[in-house]
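Biologist: I am new to this protein and would like to know what stands behind the words people use for it. Could you take me through it step by step?

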Amino acid sequence: MQPLSASALPPRPDGGPLLWSPLSTTIVHGPREAILVDPGLTTEQGVKVAEWAAGFNRTITGIYVTHAHGDHWYATAPVRERFPDLKVWATADTIAEMHRTTPGGKPDPFWGAAFPTLIGDTPVIAEAVPESGLQVDGEPVVPHAAGHTDTEHTTFLHVPSLDLVVSGDVIYNQVHQYLSEAGEHGIESWLKAIDAVEAVNPATVVAGHKNPERDDPASTITDTRTYLKAAAEVFAGATSRVEYFDEMVRRFPKWLNPGIAWLTAVGRWAE
Ligand SMILES: [Zn+2]
């Protein structure tokens, strides 16, 4: 897990480390072609992802970005250096959100503070998914708009031929969920997005953030919902950042990276 610079966040109440959660990059491939989903955050990650993707010996036709959070796409440039012909796709709403949060192609200040020197150029080069949709070797790869989940205008990708959902941050795999942006109705909206994933009945769900020791089961759909309902309860009852943090860690002792519960608490309670 990538450490956050100490200046990005006050120290954790339990003295634990401030780390970014493990992030999934997925390659959806057929016999000849492939699409890469969410290439990551840092330049180093992008270089490694490009190396890994090259090993599949497929034509990488494009990168699909599930949502506008920088950790899912700031590493696009180093991947494109290796595969200059690939396209970068996102939904039109996600692209608008990228422009809003990465104005003029410059990361929003949080990212620069959290990962100084590690993030390279982040021009917004994504183009809207074409009318004809996305395919890998003729099989459809279908973006679904999911609205607000851990940020605005998120999506997940459904691959019917594989019974697969690549969920971006709509589903988390037993990693503390980021809720700073939930506001008043964010949790409600996120729960609806989870229902939309469930409605396509996937056998496999690759979550945007996962405990790398776990597989990718569809039971993460229920887990993500359970966490959100708990967070809603704790938001309603807690009166401080420390109370929220302590209670979420107590309720989800096995979930990875409590630092994200702390990031959420700091975002929700000004002190
Ligand atoms: Zn996110």
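Modeller: Gladly! Let us begin on one side of helix 1, where Glu44 and Lys48 are exposed. Please keep in mind that this is a predicted model.

Biologist: Which residues of helix 1 are buried?

Modeller: Gly46, Val49, Ala50 and Ala53 are the buried ones. They span an arc of only 100° around the axis, so they sit on the same side of helix 1. Among the parts covering them are strand 1, strand 2, strand 3 and helix 2.

Biologist: What makes the length of helix 1 close to the expected one?

Modeller: Helix 1, residues 43-54, has 12 residues, and from its first C-alpha to its last it reaches 17 Å. At 1.5 Å a residue, 16 Å is expected, and 17 Å is close to that. For helix 6, with 18 residues, the reach is 26 Å and the expected value is 26 Å.

Biologist: How do you know that Val206 is buried?

Modeller: Buried means under 20% relative accessible area. Val206 has 13% relative accessibility, so it counts as buried. Val206 belongs to strand 10, residues 204-206. Leaving out residues up to four places away in sequence, Val206 touches Ser24, Thr26, Leu164, Val165, Val166, Ser167, Gly168 and Asp216. Ser24 is 182 residues away along the chain, yet the C-alpha atoms of Val206 and Ser24 are separated by 7.5 Å.

Biologist: And Thr117, is it buried or exposed?

Modeller: Exposed means over 50%. Thr117 has a relative accessible area of 81%, so it is exposed. Thr117 lies in the loop between helix 4 (109-114) and strand 5.

Biologist: What is notable about the phi of Thr117?

Modeller: Thr117 has a positive phi of about 70°, although it is not a glycine. Most residues other than glycine have a negative phi. Asp38 is another such case, with a positive phi of about 55°. Asp38 is in the loop between strand 2 and helix 1. At 2% relative accessibility, Asp38 counts as buried, because the limit is under 20%.

Biologist: What makes strand 1 and strand 2 a pair?

Modeller: A pair needs at least two bridges. Strand 1 and strand 2 are joined by four bridges and run antiparallel, so they count as paired. One of the bridges sets Ile27 against Leu36 in strand 2. The two strands form a hairpin, with three residues between them.

Biologist: How do strand 2 and strand 3 pair?

Modeller: Strand 2, residues 33-37, pairs with strand 3 in the parallel sense, over five bridges. Glu33 stands opposite Thr59 in strand 3.

Biologist: Why are strand 1 and strand 5 said to stand at the edges?

Modeller: The open sheet has five strands in the order 1-2-3-4-5, with mixed pairing. Strand 1 (26-29) and strand 5 (127-128) each have a single partner strand, so one side of each has no neighbour in the sheet.

Biologist: Which residues touch the most other members of the largest nonpolar core?

Modeller: Leu179 and Tyr244 do, in a core of 69 residues. Helix 6, residues 220-237, gives the largest share of this core, seven residues. Beyond its neighbours within four places in sequence, Tyr244 is in contact with Leu179 and several others, including Tyr227, Ala231, Val234 and Phe235. Apart from this core lies another, of 13 residues, among them Val37, Trp89, Val159 and Val206.

Biologist: What covers the buried residues of helix 6?

Modeller: The cover includes helix 5, strand 10, helix 7 (241-251) and helix 8 (259-268). Among the buried residues of helix 6 are Tyr227, Leu228, Ala231, Val234 and Phe235.

Biologist: How do you know which residues are donors of the zinc ion?

Modeller: A donor is an N, O or S atom within 2.8 Å of the zinc. The protein donors come from His67 (NE2), His69 (ND1), Asp150 (OD, listed twice) and Asp169 (OD), lying 2.0 to 2.8 Å from the ion. Their spacing along the chain is H-x1-H-x80-D-x18-D. His69 lies in the loop between strand 3 (59-64) and helix 2 (76-82), and Asp169 in the loop between strand 9 (164-166) and helix 5 (186-199), so the pair ties together parts that are 100 residues apart in sequence. Both His69 and Asp169 are buried.

Definitions and conventions. Residues numbered from 1 in each chain as written. Predicted model: local features only at pLDDT ≥ 70, side-chain atom pairs only at ≥ 80, totals over all residues. Heavy atoms only, no water. Donors = N, O, S within 2.8 Å, 3.2 Å for Na, K, Ca; no water. Buried < 20%, exposed > 50% of the residue type's maximum accessible area, 1.4 Å probe, protein only. Core = buried A, V, L, I, M, F, W, Y, C linked by side-chain atoms within 4.5 Å. Contact = heavy atoms within 4.5 Å. Expected span 1.5 Å × (residues − 1). Arc of directions from axis to C-beta.
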